[in-house]
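Here are some notes for anyone opening this structure for the first time. Have a look at it below, then read on.

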Amino acid sequence: MPKSVKPFKTAWLLLLLLPALASAADFAAGIENIAVQREGGEQVLLARIDYRLSPKAKEAIYKGVPLSWVLLIKLQRRYWFWHYTVHERRIPYVIRYEALLNQFSVKNLLTEHVEMFATLNIALGYMAAVREPIWPEHRLHLAQDYSVAVKVQFDREFLPIPLRPESYFDPQWALSSDWFIWHPRK
């Protein structure tokens, strides 16, 4: 085979893969905004998350497969050029379709609190509005330079065993967000 054919095949392969690579980011969760405010002696995180489910994730949830995300919150302090974590919280959520009730349930696995919703969009909207205490006011020295980092991580290990291998290689299961870092205004 002539050498000039190989780059041509490689270019075609890349053109075929580009839509799949571009669409992977379309399904990832995204953190839209973050704010921290004082309430009753605590610093409370207020965040808005955009959960965008892929067609495979929607199909799975409608077939009764529960989907789980972990909300990761880190309070970080800056000391010279280093950042270190002062406090960290992990809040796991599970959303599932209850076929007998024709409703969606959202469960906070830390508190065991369950809410029921008529549609998937309303259930995702409930998960999108985050309001979590992150640190008692008396333990936070406001004069110090600190930041809050937030990430939503899709928990592939919560999927049934037959779906797990596929979820690591299929871009439609890349449902996690990137880290979003919030710095307070001085």
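1. A word on vocabulary before the hairpins come up: two strands pair if DSSP finds at least two bridges between them. Also, keep in mind that what you're looking at is a predicted model.

2. With that settled, start at the hairpin of β3 and β4. It has two residues between the strands, and Trp80 takes a positive phi near 60° there. The strands themselves, β3 (residues 67-79) and β4 (residues 82-98), run antiparallel and share 13 bridges. If you want a spot to begin tracing the pairing, find Arg78, whose bridge partner in β4 is His83.

3. There's another hairpin earlier in the chain, made by β1 and β2, again with two residues between the strands. Here Gly40 in the turn has a positive phi of about 55°. Nine bridges join β1 to β2 (residues 42-50) in the antiparallel sense, and Asn33 stands opposite Arg48 in β2.

4. Now zoom out. The protein chain has four helices and nine strands, and along the sequence they come in the pattern α-β-β-α-β-β-β-β-α-β-β-α-β. Take the contacts between residues at least 6 apart in sequence: 61% of them join residues at least 24 apart.

5. Which strands make up the open sheet, and in what order? There are six, arranged β6-β5-β4-β3-β8-β9, with antiparallel pairing. β6 (113-117) and β9 stand at the edges with a single partner strand each, so one side of each has no neighbour in the sheet. From one strand to the next, the twist averages 20°.

6. Let's walk through a few of the pairings. On one side of β3 is β4, as described in point 2; β3 also pairs with β8 (residues 146-154), antiparallel, over nine bridges. Gln76 stands opposite Ser147 in β8, which makes a handy marker. Over at β6, five bridges join it to β5 (residues 103-108), antiparallel once more, and Lys107 stands opposite Val114 there.

7. Is β3 mostly covered or mostly open? Mostly covered: 10 of its 13 residues are buried. Helix α2 packs on the sheet and touches β3, β4 and β5, with its direction at about 55° to that of β4.

8. What about the nonpolar interior? The largest nonpolar core has 44 residues, and those with the most contacts inside it are Leu45, Tyr51, Leu67, Trp69, Ile95 and Val148. Leu67 is a good one to click on. Leaving aside residues up to four places away in sequence, Leu67 touches Leu53, Ala57, Ile61, Tyr93, Val94, Ile95, Phe154, Leu159 and Trp173.

9. On to charges: the structure holds eight salt bridges. One of them joins Glu39 and Arg131, with the closest N and O atoms 2.5 Å apart. Glu39 belongs to β1 (residues 30-39) and Arg131 to β7 (residues 129-136), so this pair ties together parts 92 residues apart in sequence. Both ends are partly exposed, Glu39 with a relative accessible area of 25% and Arg131 with 49%.

10. Another one worth finding is Asp170 with Lys56, where the closest N and O atoms are 2.4 Å apart. Asp170 lies in the loop between α4 (164-169) and β9 (180-182), while Lys56 is in α2 (residues 55-62), so the pair ties together parts that are 114 residues apart in sequence. Is Asp170 buried or exposed? Buried, with a relative accessible area of 14%, whereas Lys56 is partly exposed at 29%. Glu166 comes into the picture too: Lys56, Glu166 and Asp170 are linked in a network of salt bridges.

11. One more salt bridge to look up is the one between the side chains of Arg164 and Glu157, at 3.7 Å from N to O. Arg164 is partly exposed, with a relative accessible area of 23%, and Glu157 is partly exposed as well, at 44%.

12. Finally, the overall surface. Of the 186 residues of the protein chain, 38% count as buried. The chain exposes about 11500 Å², and carbon and sulfur atoms supply 59% of that.

Key. Residues are numbered from 1 along each chain as its sequence is written. This is a predicted model: local features need pLDDT of at least 70, side-chain atom pairs count only at pLDDT 80 or more; totals for chains, interfaces and linings use all residues. Side-chain values use heavy atoms; hydrogens and water are left out. Buried means under 20% relative accessible area, exposed over 50%, partly exposed in between (1.4 Å probe, protein chains only). A salt bridge is a side-chain nitrogen of Lys or Arg within 4 Å of a carboxyl oxygen of Asp or Glu. Axes are lines fitted to C-alpha atoms, for helices over the stretch in contact, and angles run from 0 to 180 degrees between N-to-C directions. Contact means heavy atoms within 4.5 Å. A nonpolar core is a set of buried Ala, Val, Leu, Ile, Met, Phe, Trp, Tyr and Cys residues joined through side-chain atoms within 4.5 Å. Accessible areas come from the Shrake-Rupley method with a 1.4 Å probe; for residues, only the protein chains shown count as cover.
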